[in-house]
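Colleague: Before I use this model, I would like to know what stands behind the terms you apply to it.
Modeller: Ask, and I will set each value against its definition.

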Amino acid sequence: MQFHHHGYVSGDPRIAPAAGTGIDRPALLPDEVDVLIVGSGPAGMILAAQLAQFPEIHARVIERRPGRLAIGQADGIQARSVETFQAFGFAERITAEAYQISEMAFWSPDPADPSRIHRSARAVDDATGVSEFPHLIVNQARVLDYFAEAMHDAPARMEVDYGYEFVTLSVEEGHGHPVAVTLRETAGEREGLERHVRAKYVVGCDGARSGVREAIGRTLVGASAAHAWAVMDTLAVTDFPDIRTKCAIQSQAGSILHIPREGGHLFRMYVDLGEVAAGDNGAVRRTTVETAIAKANAILHPYTLDVKDVAWYSVYEVGHRLTDKFDEVPEGDDRCPHVFITGDACHTHSAKAGQGMNVSMQDGFNLGWKLGHVLTGRAPEELLKTYSAERQVIAKNLIDFDKEWSTLMAKKPEEFENPEELADFYVRTAEFPAGFMTQYPPSMLIGGTEHQALAEGFPVGKRFKSAPVVRVADGNPIHLGHHARADGRWRLYAFPAAASAGGREALGEWAEWLEHAPDSPLIRHTPVGAEADSVFDVKVVYPEPHVEVDISTVPPVFLPRTGPFGLIDYEKVYAADSAESITTLRGLDPATGCVVVVRPDQYVAHVLPLTAMAELSAFFAGAMLEGGAGSQPGAEAEAAAASLSGSRG
């Protein structure tokens, strides 16, 4: 964490100074806003937390409840989500209070006595080391609390506007705030009264029964699997030996997915209620908690479950549904969207793969920075078309995976050809539920793969996988990706070849171009007068040990000046960790070097040689608007470039 660059900070450095809309922020929901977020679930809160980093933008979150969520339905936090929490500054704190999954146990009928269950297999949760972050279990309500804190502590000082229910909306092209929204107040003296608000953009994060989805004419298409499950958060006394281990339990009486919860005592059980009969008409949803407990005891035989308290209970039927598009613009229409839907509003599936909250948050993260860039003039409005194009395919892949997983979980033991089939599937597909199979295709935000061989371990279109490095200035070992925050900036990571292979010369030429050339992204897209790294976070990682890097010879673009005092930022210069070289770990070409371009939402956008300056310039010209010196011709451009260079020292 960096602070003091604007003067001495004696308080909590996580709280940014209020700026823009965060200064004298209206307490009541105004009549006009830039972005109206409907719903304060995981997708809505991460979206709000991202937009709160842009103080120029007036965004509001409305929620029909009168206050914060007390008990959330979702609880599984995949490693990709914990990576995202790191970007918002609370990964360590939420990990400390969460239950951490390190392995999963599989129980099945004992061949010696099939009426009894026995432990048939164990599987390590992340056997391949797909992430340095853990797989967690923590109540959804706490996740929302952390995002609420991130929103409030950001420059825009955002908070949730409770007590507003979405009614309907209409889009009026050509209006400065084209989305006209009707709301209804749900609490206080004005309960039942309607409010009318206009917005430039509206995002429906309002769940499976989304009013926003209905208002734009999208429908969830799919079917129910005709299989029901009871789910309960429980405090109980039991002799089942794996009560504090995640388990898939299959017996002659049915199946249980067992998940320990945070706090050391609470656990969640998904209890198989079997096939739903034709003409059930929802009767299965009235299954009592006593019936579910009795069913759980039958499945666990010979072990017993003495339930002392049930904190939360529900019954659901497995369903897999998806909308054809995640915005209001009809297929084939070239207009830019103004209304979006996220999370359960556009994709629903079973809870047992632990994907609902996780994928919903990635929807919000994907859209948040894009809205931020468009509304602040960094990017063209066409950028917003990429949200539905990228996320709808990911949701389709999720539903396909969940169908297979939920079908396996519902199988009877005798229906498996191989008793290890469930455990094998869990291990074989571990990267998908962990959140790391997402790979965006080429677009205005994702380059081609012509130069992928330069950095095999940073696949274009997939999330940037961090690796250990050493900070040159102080010799501290850190993870390279952990320094990146959800601040809306692009990342440029320069990986030069070894000095013995001419790496210093190639790096120097690239750095000189980046700092001074009129077609450099830094010159073209950084607003005149802004700090040097306000739009692009530029770092270098040398392949040698840090003791072999003379920081006085590092190009100035990697040591930018920051704040009113022009202090030098020393946290952009790194070297390889001698124990775990990033060159080897991420398949970097030691003879050539490269540049890895990373989007604000942590996905690799491009891999290029250091010599491909024109390609790098062209890529950003397609993804961003000219906001700096590049928009000024001739001598004015040179003067602005010199000014920007001076701000870097």
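**Terms and values**

Modeller: The protein chain exposes about 25,300 Å², of which carbon and sulfur atoms supply 52%; the areas come from the Shrake-Rupley method with a 1.4 Å probe, and for residues only the protein chains shown count as cover. This is a predicted model, in which local features need pLDDT of at least 70, side-chain atom pairs count only at pLDDT 80 or more, and totals for chains, interfaces and linings use all residues. Residues are numbered from 1 along each chain as its sequence is written, and side-chain values use heavy atoms, with hydrogens and water left out.

Colleague: Why is the protein chain called as compact as a globular protein of its length?
Modeller: The globule rule is 2.2 Å times the number of residues to the power 0.38, and the radius of gyration is taken over C-alpha atoms. For 649 residues the rule gives 26 Å and the chain has 26 Å, so the description holds.

Colleague: What makes strand E26 mostly covered?
Modeller: A residue is buried under 20% relative accessible area, exposed over 50% and partly exposed in between (1.4 Å probe, protein chains only). In E26, residues 594-598, 5 of 5 residues are buried. Cys594, Val596 and Val598 point one way and Val595 and Val597 the other.

Colleague: How do you know that E26 pairs with E27?
Modeller: Pairing requires at least two bridges found by DSSP. E26 and E27 (residues 604-608) have 4, in the antiparallel sense, with Val597 opposite His606.

Key: Helices (H or I, at least four residues) and strands (E, at least two) are DSSP runs, numbered from the N terminus.
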